[in-house]
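Here are a few exercises to work through with the model open in your viewer. Try each task before you read the solution below it.

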Amino acid sequence: MLVNRGDLRHSLETGALVVVDEAFMDFILEAEHQSCIPWLEKFPNLVVLRSLTKFYSLPGLRLGYALGHPDRLQRWQNWRDPWAVNSLAAAAGAAVIQDQDFQAQTFSWLRAARSQLFTGLQTLPGLCPHPSAANFFLVHSQQPVPALQRHLLLHHRILIRDCVSFPELGDRFFRVAVRTEPENQRLLTALATALATALGQP
């Protein structure tokens with residue numbers, strides 16, 4: 001969920017260290033930005049984390065950065081591993097931030113595809129997707145997710161991300177990414193088949 005930055009102001013004004021994860025902020029259209037970056041100069045206790053691997057689909061490169069007060073970042077610089085970013089990741093990062101065509105193309109299809117996937121998930125029996133400002137949805141399932149996941153993988157070659165590694169969620173939640181509209185429809189059709197099978201419907 002996108003947290004309104006106004007809700008963070010009280011915490012910042014206490015002087016406590018506040019670390020804001022904006023790894024998915026690139027998926028928000030400019031007019032909707034709630035980034036805390038403009039507050040960095042005013043609040044030395046604020047640190048903002050950003051990522052280049054989410055929006056540009058580069059998860060294996062683990063490329064991101066932190067913005068904050070120079071004194072704090074210098075202390076952290078002294079603590080971290082000196083090889084945190086490899087040369088491949090650095091080269092890829094330098095290239096993608098200049099790719100404005102990719103950014104425009106992503107926004108041209110993302111909003112409609114996100115709406116399509118959310119609406120489609122809502123119509124499936126036993127599924128309850130949570131609204132999302134990012135490019136994925138957390139979905140509650142009345143059926144155990146491991147069995148659903150296995151069916152999708154074996155019969156449709158689709159792998160959904162289970163959430164069993166999150167103790168608070170257990171085996172009744174999964175996560176799916178927003179893809180193109182044909183890919184989203186393929187997922188929705190497969191889920192409908194898997195859920196019908198679980199419910200014993202023809």
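**Exercise 1. Find the bridge partner of leucine 127 in β5, then place the pair in its sheet.**

Solution. Keep in mind throughout that this is a predicted model.
- Start with the pair: leucine 127 bridges to serine 141 of β5.
- Now step back to the strands. β4 and β5 run antiparallel and are joined by three bridges.
- Widen the view again, and you get an open sheet of four strands, ordered β4-β5-β7-β6 with antiparallel pairing.
- Finally, look at the ends. β4 (127–129) and β6 (161–162) are the edge strands; each has a single partner, so one side of each has no neighbour in the sheet.

**Exercise 2. Work out which residues of α5 are buried, and which exposed residues sit on the face turned away from them.**

Solution.
- Check the helix itself: α5 covers residues 145–156, twelve in total, and spans 15 Å from first C-alpha to last, close to the expected 16 Å.
- Pick out the buried residues, with under 20% relative accessible area as the cut-off: Val145, Leu148, Gln149, His151 and Leu152.
- These take up an arc of only 160 degrees around the axis, so they share one side of α5.
- The spacing makes sense, because an α-helix has 3.6 residues a turn and residues three or four places apart point the same way.
- Turn to the face away from the buried side, and you'll meet exposed Leu154 and His155.
- Just past the helix, arginine 157 has a positive phi of about 55 degrees.

**Exercise 3. Trace what leucine 191 touches and describe the largest nonpolar core.**

Solution.
- List the contacts of leucine 191, skipping residues up to four places away in sequence: Leu121, Leu124, Leu127, Leu148, Leu152 and Phe174.
- Place leucine 191 in the largest nonpolar core, which has 30 residues; Leu121, Phe174, Val176 and Leu191 have the most contacts inside it.
- Ask who contributes. The elements giving two or more residues are α3 (87–96), α4 (100–123), β5 (136–141), α5, β7 (173–177) and α6 (181–198).
- α6 gives the most, with six residues.
- Apart from this core there's another, of nine residues, including Val18 and Leu46.

**Exercise 4. Is asparagine 45 buried or exposed, and what surrounds it?**

Solution.
- Locate asparagine 45 in the loop between β1 (18–21) and β2 (46–51).
- Its relative accessibility is 7%, so asparagine 45 counts as buried.
- Beyond four places in sequence, asparagine 45 contacts Ser11, Leu12, Gly15, Ala16, Leu17, Val18 and Arg72.
- Zoom in on leucine 12: its backbone oxygen is 3.0 Å from a polar side-chain atom of asparagine 45.

Methods
Residues are numbered from 1 along each chain as its sequence is written. This is a predicted model: local features need pLDDT of at least 70, side-chain atom pairs count only at pLDDT 80 or more; totals for chains, interfaces and linings use all residues. Side-chain values use heavy atoms; hydrogens and water are left out. The expected span of a helix is 1.5 Å times one less than its number of residues. Buried means under 20% relative accessible area, exposed over 50%, partly exposed in between (1.4 Å probe, protein chains only). The arc is that of the directions from the helix axis to the C-beta atoms. A nonpolar core is a set of buried Ala, Val, Leu, Ile, Met, Phe, Trp, Tyr and Cys residues joined through side-chain atoms within 4.5 Å. Contact means heavy atoms within 4.5 Å. A polar contact is a pair of N or O atoms within 3.5 Å; within protein, one must be able to donate a hydrogen and the other to accept it, and residues adjacent in sequence count only if both atoms are side-chain atoms. Two strands pair if DSSP finds at least two bridges between them.
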